[in-house]
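Here are some notes for a colleague who is opening this entry for the first time. Please read them with the structure on screen.

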Amino acid sequence: MDDLLIVEDLVKYYPIRKGVVPKTVGHVRAVDHISFSIPRGQTLGLVGESGCGKTTAGRTILRLIEPTSGRVIFDGRDLFRLSGRDMRALRREMQIIFQDPYGSLNPRMTVGTMLAEPLLVHGISPDGDGALDQEKKLRQGLWRSRALKRRQAHEQVAELLRIVGLSPEHANRYPHEFSGGQRQRICIARALALRPKFIVCDEAVSALDVSIQAQILNLLAELQRELNLTYLFIAHDLAVVKHISGRVAVMYLGEIVEEAETQEIFAHPLHPYTQALLAAIPVPVPAARGRRARLEGDAPTPSDPPQGCRFHTRCPIAIEECKAVKPPLVEIRPGHRVACIRTDVSGEQV
C-alpha cells in the first residue's frame, strides 16, 4: 500500500533551563522515538491521555514545532531537510484542524476574509492553478488585477462553505455569531481551502457536544471519501477514534505502546494501558461492562520518566523486570505491534 506519510524515530525534547544564567538541567521528553506510517487516503488515530505527547507529535510532523531528531517522509520528500521556501510551498498539501474552533479563528475577521486569505497568499485560482512566481506570470500573460483575484477568491469561499454544510451568506459573519459546531465546520473549510492531501485533526471534536461530534465525524469521513484525504486523527477518546480510523496507535508518556487495525485493537487489546482506555469508554448498560481495568495514580512527568517500562508505575500486572527492562515495540500478530514484556508471541499475557 502506498504510504503518504512515514514517521521514523521522531523525537521532540524541550530543554529545562534554570539559574540566573540559564543553564540546561534536563529535558521534557514530549515525543520520544516514535515511528508509524499512514497509507494514502487512510486515517491513523493517535490516542492517549492528556500530556502523552500526541499533539506535540502532530505539530512536529507539520514542522509547526521544529523536531529534535528523526525523519518525516511526506509523499517521498523529507520534510526536515526542506528549506523555508520549499516548506512554505509544501504547506499547501498539509493542514491542521485545531481543538478549539473559537480560539483558532480571528475574532476581528469575517469568515469570508479568513477563508480567502490562504487563497490569496498562495495564489490559488478557481481552475486549480497554484502560485506562480511573478516573472513566470508576466511571461505567460496570467498576471491578473487584485480585484479579479478577490472576486475569484469570493467564489471559492462560497464553494468551501457549501462543502462543509454552511451557506455562502455566512461569509459575511464573524466567529462569535456561530455555534461551536459551525465554527468547527469553518475551521474544516479553512483546512480544505488549499486542497491538501494530508490533514492533522488535533482533538477536532473533543470540545463539541456528543450529537455535534457525530455530525463532524460524518463530515470528515465524507470529505475523505470524496477528496481522497489522509488524516492523522488525534484524540483521547477511543470511542470517537473507532468511527473514523482504520488503524490506531496508543501513546503513553511520549512513546507508542500499541498499534493495530482498529477492529483488532478493540477486539484484542494487548497492552494494559490500552485495556484501561477501552474500559473507560461509557456504555449504555454499566452492569454489562464486566470487570473494569483501573489505572492507579497519576502519569509520571515526562521530564523524569520511570526507568524500564514507563507504564510500570500504574500497571496492574507489572513485575520486577518491568522496572529495569525497556520493552521494544514489536509485532506480536500480523500488523499488531505492542511494547510489553508480559505479552508473548501468541498475544497472551505471561
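1. Which residues of H10 are buried? They are Pro272, Tyr273, Thr274, Ala276, Leu277, Leu278 and Ala279. Helix H10 covers residues 272-279, and 7 of its 8 residues are buried, so the helix is largely enclosed by the rest of the structure. The buried residues of H10 pack against helix H8 (238-242), E9, strand E10 (255-261) and helix H9 (262-267).

2. A word on the whole before further detail. The coordinates are a predicted model. The protein has 10 helices and 12 strands. It has 350 residues, of which 47% count as buried. Among contacts with a separation of 6 or more, 64% are between residues 24 or more positions apart.

3. One open sheet is made of 8 strands, in the order E6-E7-E8-E3-E9-E10-E12-E11, and its pairing is mixed. At its edges are E6 and strand E11 (330-333), each of which pairs on one side only. On average, neighbouring strands of this sheet are turned by 25° against each other, direction ignored.

4. At the E6 end of that order, E6 and strand E7 (residues 198-202) pair in the parallel sense, over 4 bridges. Isoleucine 97 has cysteine 201, in E7, as its bridge partner. Helix H7 (residues 210-227) packs on this sheet and touches E3, E6, E7 and E8; the direction of H7 makes about 160° with that of E8. H1 lies across strand E3 (43-47), E6, E7, strand E8 (230-235) and strand E9 (247-252), and runs at about 150° to E8.

5. A second open sheet has 4 strands in the order E2-E1-E4-E5, with antiparallel pairing. Strand E2 (23-39) and strand E5 (77-78) stand at its edges; each has a single partner strand, so one side of each is left without a neighbour in the sheet. Helix H1 (residues 54-61) packs on this sheet too, touching strand E1 (3-18), E2 and E4, and its direction makes about 115° with that of E1. Strand E4 (residues 69-74) pairs with E5 in the antiparallel sense over 2 bridges. Isoleucine 73 has aspartate 78, in E5, as its bridge partner.

6. Is glutamine 95 buried or exposed? Its relative accessibility is 16%, so glutamine 95 counts as buried, the limit being under 20%. Glutamine 95 lies in strand E6 (residues 94-97). A polar atom of its side chain lies 2.7 Å from the backbone oxygen of arginine 91. Leaving aside neighbours within four places in sequence, glutamine 95 is in contact with Leu62, Arg190, Ala191, Leu194, Pro196, Phe198, Ile199 and Val200.

7. Proline 101 lies in the loop between E6 and H3. With 5% relative accessibility, proline 101 counts as buried. Beyond its neighbours within four places in sequence, proline 101 is in contact with Gly180, Arg183, Gln184, Cys187 and Ala207. Arginine 185 is 84 residues apart from proline 101 along the chain, and their C-alpha atoms are separated by 8.6 Å.

8. Which residues of helix H3 are buried? In this helix (residues 111-122) they are Val111, Gly112, Met114, Leu115, Ala116, Pro118, Leu119 and His122. Glycine 123, just after H3, takes a positive phi of about 70°.

9. Glutamate 203 is in the loop between E7 and H7. Its relative accessibility is 8%, so glutamate 203 counts as buried. Neighbours within four places in sequence aside, glutamate 203 is in contact with Lys54, Gln99, Ile234, Ala235 and His236.

10. How many cavities of 30 Å³ or more are there? The count comes to 1 cavity. The largest cavity has a volume of about 80 Å³. Its lining consists of His271, Pro272, Cys309, Phe311, Cys315, Cys322, Val325, Pro327, Cys340, Ile341 and Arg342. Pro272, one of these lining residues, is also among the buried residues of H10.

Conventions:
Residues numbered from 1 in each chain as written. Heavy atoms only, no water. Buried < 20%, exposed > 50% of the residue type's maximum accessible area, 1.4 Å probe, protein only. Pairing = 2+ DSSP bridges. Contact = heavy atoms within 4.5 Å. Axes fitted to C-alpha atoms, helices over the stretch in contact; angles between N-to-C directions. Polar contact = N/O pair within 3.5 Å; in protein donor to acceptor, adjacent residues only side chain to side chain. 1 Å grid on protein atoms, 1.4 Å probe; cavity = no way out; pocket = protein on both sides within 12 Å on 5 of 7 lines; lining within 4 Å. Points joined across faces, edges and corners; volume = space filled by probe spheres on them.
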